[in-house]
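Please open the model in your viewer and keep the sequence beside it, as this tour moves from one selection to the next.

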Amino acid sequence: YTFSEGALVSESENYWYDDKSVEAKVLAYYPYNADATYKAEGYTFTVEADQSVEGGYAASDLLVASITSKPTKETVTLPFKHALSKVVININSELDEAVESVMFADVYGSAVINLAYGTSTVNGQKGIIKAAKVANKESYTLIIVPQTEVKPRILVTVGEKQYNFNIEAAADFEAGKVATANITLTKELVGTDFSA
């Protein structure tokens with residue numbers, strides 16, 4: 001089924017209703033990807049490497065739903081959940097120049113997501129993800145796939161300088177959770193505080 005013009009449209013005949021005693025697993029995900037296929041082992045999803053561009057952040061926020069139901073004429077409710085992890089980076093800068101960009105480095109951007117169970121396994125290589133600026137705030141946000149025991153770096157570009165913040169302790173990024181980093185930039189001292 002695909003959602004089009006306010007309704008779910010089936011690509012073929014609905015065989016679910018042939019046997020009213022048989023339960024079916026109903027899986028759904030958003031945003032829709034016409035090129036993607038769901039297999040028994042899961043759905044491969046990759047976040048946008050540049051989430052600062054229009055649509056980049058929204059395209060990276062994977063929502064999934066899974067229920068088991070017998071055939072019914074009633075509405076089947078799909079409880080969607082966030083399948084990925086959100087990172088918020090707050091910048092407190094006392095420098096004369098404005099922050100130009102914030103990036104999250106040494107993290108995975110792709111995973112195989114099992115829609116039925118909400119679990120995931122990282123896929124591919126680690127890379128860099130550019131964060132989106134939060135409107136009217138000195139804050140940046142990005143979405144990453146769930147991953148454990150990673151030591152990301154935060155790269156903050158101000159003018160021609162790039163500040164590199166290493167997160168010392170290995171961190172876990174869980175599905176549906178938010179991790180926050182507070183970064184201070186002063187003329188004498190640069191510091192960071194990270195919490196999940």
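A strand, in the sense used on this tour, is a DSSP run (E) of at least two residues, and strands are numbered from the N terminus. Bear in mind as you look around that this is a predicted model.

Begin by selecting residues 63–69, which form strand β5, and then add β3 (24–30) and β6 (81–82). Together they make an open sheet of three strands in the order β3-β5-β6, with antiparallel pairing. Because β3 and β6 stand at the edges, each with a single partner strand, one side of each is left without a neighbour in the sheet. If you look closely at β5 and β6, you will find that they pair over two bridges, and that V64 has K81 in β6 as its bridge partner.

Keep V64 and K81 selected, since both belong to the lining of the second largest pocket, and add other lining residues, among them P79, L115, Y117 and A175. This pocket has a volume of about 180 Å³. Which strand gives the largest share of its lining? That share, three residues, comes from β5, while β5 and β6 each supply at least two residues. By character, the lining residues divide into eight nonpolar, three polar and one charged.

Finally, go to strand β11 (residues 139–144) and select T141. Is T141 buried or exposed? Its relative accessibility is 9%, so T141 counts as buried, the cut-off for buried being under 20%. A polar atom of the T141 side chain lies 3.1 Å from the backbone oxygen of V87, and the residues that T141 touches include Y57, K86, V87 and A131.

Methods:
Residues are numbered from 1 along each chain as its sequence is written. This is a predicted model: local features need pLDDT of at least 70, side-chain atom pairs count only at pLDDT 80 or more; totals for chains, interfaces and linings use all residues. Side-chain values use heavy atoms; hydrogens and water are left out. Two strands pair if DSSP finds at least two bridges between them. Helices (H or I, at least four residues) and strands (E, at least two) are DSSP runs, numbered from the N terminus. On a 1 Å grid over the protein atoms alone, a cavity is a set of points where a 1.4 Å probe fits but cannot get out, and a pocket is an open set with protein on both sides within 12 Å along at least five of seven lines; lining residues have an atom within 4 Å of a point. Grid points are joined across faces, edges and corners, and a volume is the space filled by probe spheres set on the points. Ala, Val, Leu, Ile, Met, Phe, Trp, Tyr, Cys and Pro count as nonpolar, Asp, Glu, Lys and Arg as charged, and the others, Gly among them, as polar. Buried means under 20% relative accessible area, exposed over 50%, partly exposed in between (1.4 Å probe, protein chains only). A polar contact is a pair of N or O atoms within 3.5 Å; within protein, one must be able to donate a hydrogen and the other to accept it, and residues adjacent in sequence count only if both atoms are side-chain atoms. Contact means heavy atoms within 4.5 Å. Lists of a residue's contacts leave out its neighbours within four places in sequence.
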